[in-house]
Amino acid sequence: MSEAVAHDDHDHGPEKGLMRWVRTTNHKDIGTLYLLFSLAMFMFGGAMAMVIRMELFQPGLQVVDPHFFNQMTTMHALVMVFGAVMPAFVGLANWLIPMMIGAPDMALPRMNNWSFWILPFAFTMLASTLFMDGGAPAGGWTMYAPLVLQTGDAFPFLIFAVHLLGISSVMGAINVVATIMNMRAPGMTLMKMPLFVWTWFITAYLLIAVMPVFAGAVTMLLTDKFFGTSFFNAAGGGDPVMFQHIFWFFGHPEVYIMILPAFGVVSAIIPTFARKPLFGYSSMVYATASIAFLSFIVWAHHMFTVGMPLAGELFFMYATMMIAVPTGVKVFNWVSTMWKGSMTFETPMLFSIAFVVLFTVGGLSGLMMSITPVDFQYHDTYFIVAHFHYTLVTGSVFSIMAAAYYWMPKWTGNMYNEKLGKIHFWLSAIFVNVLFFPQHFLGLAGMPRRIPDYSVQFTDWNMVSSIGGFGFGLSQLLFCYIVYATIRGGEKATDQVWEGATGLEFEQLPSPAPYHSFNTAPEVK
């Protein structure tokens with residue numbers, strides 16, 4: 001361990017103010033930086049979503065230029081995926097993994113600092129493309145060739161920013177693996193680790209496996225644009241569909257990278273407020289590993305309409321359906337944990353229950369889309385948009401909010417305002433459904449994605465959806481206020497933040513061995 005860590009762990013030495021944050025190697029400081037950066041990006045990406053919903057409020061072109069609209073859809077996705085969701089989970093990993101496994105810090109503290117500080121520069125570069133000739137990339141977040149190759153001067157900036165984001169992710173993942181493998185407290189075997197640690201351990205391996213694939217794909221795009229290669233250019237003997245194969249081989253595990261840590265968060269919170277140990281710990285671990293394995297062999301379900309052979313379509317259909325099995329195991333285990341528990345409904349629990357219910361809605365629409373002949377109807381419609389926002393907003397984002405409310409008292413020493421937290425929850429839960437549920441109807445009726453204008457029969461549901469969008473967006477300002485107010489002060493948090501047990505007490509009772517301490521039979525102690 002570097003001396004810097006020991007030095008940082010106490011009073012952060014003589015360094016005060018800004019330099020403490022720039023040079024810190026303390027896992028808590030770096031976790032805080034990641035989380036605050038993620039919140040800033042969440043609001044930035046959310047502002048882009050507001051532009052999208054404003055334009056779609058009614059048919060006709062009224063607010064922005066169609067090209068700018070396409071830039072917004074592309075940038076909104078890149079910022080939310082790589083700037084909001086992933087850094088938030090890395091921030092949670094930094095804060096919690098060392099404490100959950102009894103380690104003094106992360107294994108590679110200086111690399112930890114570097115992996116964070118790459119991010120603001122990468123996003124500055126990405127955002128700067130909005131001000132360049134030809135504007136930001138407008139080929140969708142998937143950056144499909146040949147669409148994205150039409151991007152002007154911004155193109156190399158986009159590719160370089162993506163490379164930097166990938167480098168940051170891989171460094172964070174290596175750090176997580178090194179920490180978990182080498183720095184667990186004596187006696188903490190792998191099957192005694194809290195589930196949040198397990199989910200991140202598996203996520204880290206996914207990141208290390210797929211980020212280089214993504215780097216390869218965008219590098220091939222770069223050489224197609226500037227060095228005369230024809231990987232994806234049909235005129236030169238290339239194949240644009242090959243880009244889709246390479247991209248989705250990264251892109252599908254990527255969506256699990258964004259949801260597995262969420263499973264870990266919810267598996268920590270539900271047992272606390274149900275006052276019961278997690279039901280089926282080992283089955284949860286194996287289910288997580290199965291999801292990760294299966295995520296590598298389902299990528300072409302994003303490509304059912306490209307003209308695959310029938311055998312390929314059948315394989316990807318059945319492989320995709322198989323993912324529903326371990327996911328179902330998880331949902332049933334969470335419900336079984338709550339069953340007959342002494343449940344209370346503080347804000348983190350509300351977000352966690354909403355996660356279980358609404359993530360399941362997203363999972364069921366995903367199962368619908370796995371059926372190849374039906375997917376021909378759904379493909380590239382708003383049904384797809386509704387599906388992945390149910391998994392990523394009511395899934396990943398709700399779990400991050402649950403985590404923030406759950407651990408904020410531990411992080412800041414102050415209690416957040418429970419009343420405001422509940423108001424934030426109800427506003428978010430109602431508006432997120434008003435925003436995304438109607439998009440299922442639009443998609444089934446045939447409204448295509450990524451368009452700034454649409455046919456008049458889609459007007460009503462788009463208006464409803466946009467109203468939900470503005471409501472959800474404004475609700476997040478309340479979240480920002482709650483976080484700010486909690487950091488600044490408030491009622492002091494006790495050692496036992498949550499009545500009856502701290503989170504860690506329950507998280508560290510994963511295996512069936514210690515169940516006797518939760519024995520419901522009357523017992524003299």
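Start with the whole chain of this predicted model in view. Contacts across the fold are mostly between residues far apart in sequence: of those with a separation of 6 or more, 81% join residues 24 or more positions apart. Keep that in mind, as several stops below show such partners.

**The overall view**

Switch to a cartoon and colour by secondary structure. You will find 17 helices and zero strands. The radius of gyration is 23 Å, close to the 24 Å that the globule rule gives for 525 residues, so the protein is as compact as a globular protein of that length. Turn the C-alpha trace along its principal axes, and it spans about 75 × 50 × 45 Å.

Now show the surface. About 21200 Å² is exposed, with carbon and sulfur atoms supplying 70% of that area. Of the 525 residues, 57% count as buried. Next, colour the charged side chains: there are 21 positive and 27 negative ones, and the centres of these two sets lie 10 Å apart.

**Stop one: the aromatic rings**

Select Phe, Tyr and Trp side chains. How many aromatic pairs does the count come to? The count comes to 44. Zoom in on one of them, Trp95 and Trp411: the ring centres are 5.7 Å apart and the planes meet at 35°, so this pair is tilted. The two tryptophans come from distant parts of the chain, with Trp95 in helix 4 (residues 66–101) and Trp411 in helix 14, 316 residues apart. Are these two rings' residues buried or exposed? Trp95 is buried at 8% relative accessibility, and Trp411 is buried too, at 18%.

Then select the cluster that ring pairs build from Phe196, Phe273, Phe351, Phe398, Tyr405, Tyr406, Trp407, Tyr416, Phe425, Trp426, Phe479 and Trp498. Showing these side chains as sticks makes the linked rings easy to follow.

**Stop two: inside two helices**

Stay with helix 14 and pick Thr391, which lies in this helix. Its relative accessible area is 15%, and because that is under 20%, Thr391 counts as buried. What does Thr391 touch, leaving out residues up to four places away in sequence? Its partners are Ile259, Phe359, Gly362, Gly363 and Ser396.

Move on to Ala122 in helix 5. Ala122 is buried, with a relative accessible area of 1%. Beyond the residues up to four places away in sequence, Ala122 touches Ala161, Leu164 and Leu165. Try a distance label from Ala122 to Phe157 as well: they are 35 residues apart along the chain, and their C-alpha atoms are separated by 9.1 Å.

**Stop three: a loop residue and a helix residue**

Select Ile371, found in the loop between helix 12 (347–369) and helix 13. Ile371 has 31% relative accessibility, which makes it partly exposed. Show its surroundings, and apart from its neighbours within four places in sequence you will see contacts with Met317 and Met321. His301 is another residue to label here: it is 70 residues from Ile371 in sequence and 9.1 Å away, C-alpha to C-alpha.

Now go to Phe315 in helix 11 (residues 310–338). This phenylalanine counts as partly exposed at 42% relative accessibility. For a view across the protein, draw a line from Phe315 to Ile101: their C-alpha atoms are separated by 40 Å, and the two residues are 214 apart along the chain.

**Stop four: backbone oddities**

Some background for the last selections: most residues other than glycine have a negative phi, and most peptide bonds are trans.

Where is the cis peptide bond to look at? It joins Ala145 and Pro146, with omega about 0°. Pro146 lies in the loop between helix 5 (109–128) and helix 6 (155–182).

Next, select Asp380, a residue other than glycine with a positive phi, near 60°. Asp380 sits in the loop between helix 13 (372–378) and helix 14 (382–412). With 32% relative accessibility, Asp380 counts as partly exposed.

Finish at Arg450, where phi is also positive, near 55°. Arg450 is in the loop between helix 15 (418–444) and helix 16 (459–488). Its relative accessibility is 31%, so Arg450 counts as partly exposed.

Note on methods
Residues are numbered from 1 along each chain as its sequence is written. This is a predicted model: local features need pLDDT of at least 70, side-chain atom pairs count only at pLDDT 80 or more; totals for chains, interfaces and linings use all residues. Side-chain values use heavy atoms; hydrogens and water are left out. Helices (H or I, at least four residues) and strands (E, at least two) are DSSP runs, numbered from the N terminus. Buried means under 20% relative accessible area, exposed over 50%, partly exposed in between (1.4 Å probe, protein chains only). The radius of gyration is taken over C-alpha atoms; the globule rule is 2.2 Å times the number of residues to the power 0.38. Contact means heavy atoms within 4.5 Å. Accessible areas come from the Shrake-Rupley method with a 1.4 Å probe; for residues, only the protein chains shown count as cover. Lys and Arg count as positive and Asp and Glu as negative; His and the chain ends are not counted. The place of a charge is taken as NZ of Lys, CZ of Arg, CG of Asp or CD of Glu. Rings of Phe, Tyr and Trp (its six-membered ring) pair if their centres lie within 6.5 Å; planes under 30 degrees apart count as stacked, over 60 as edge-to-face and the rest as tilted.
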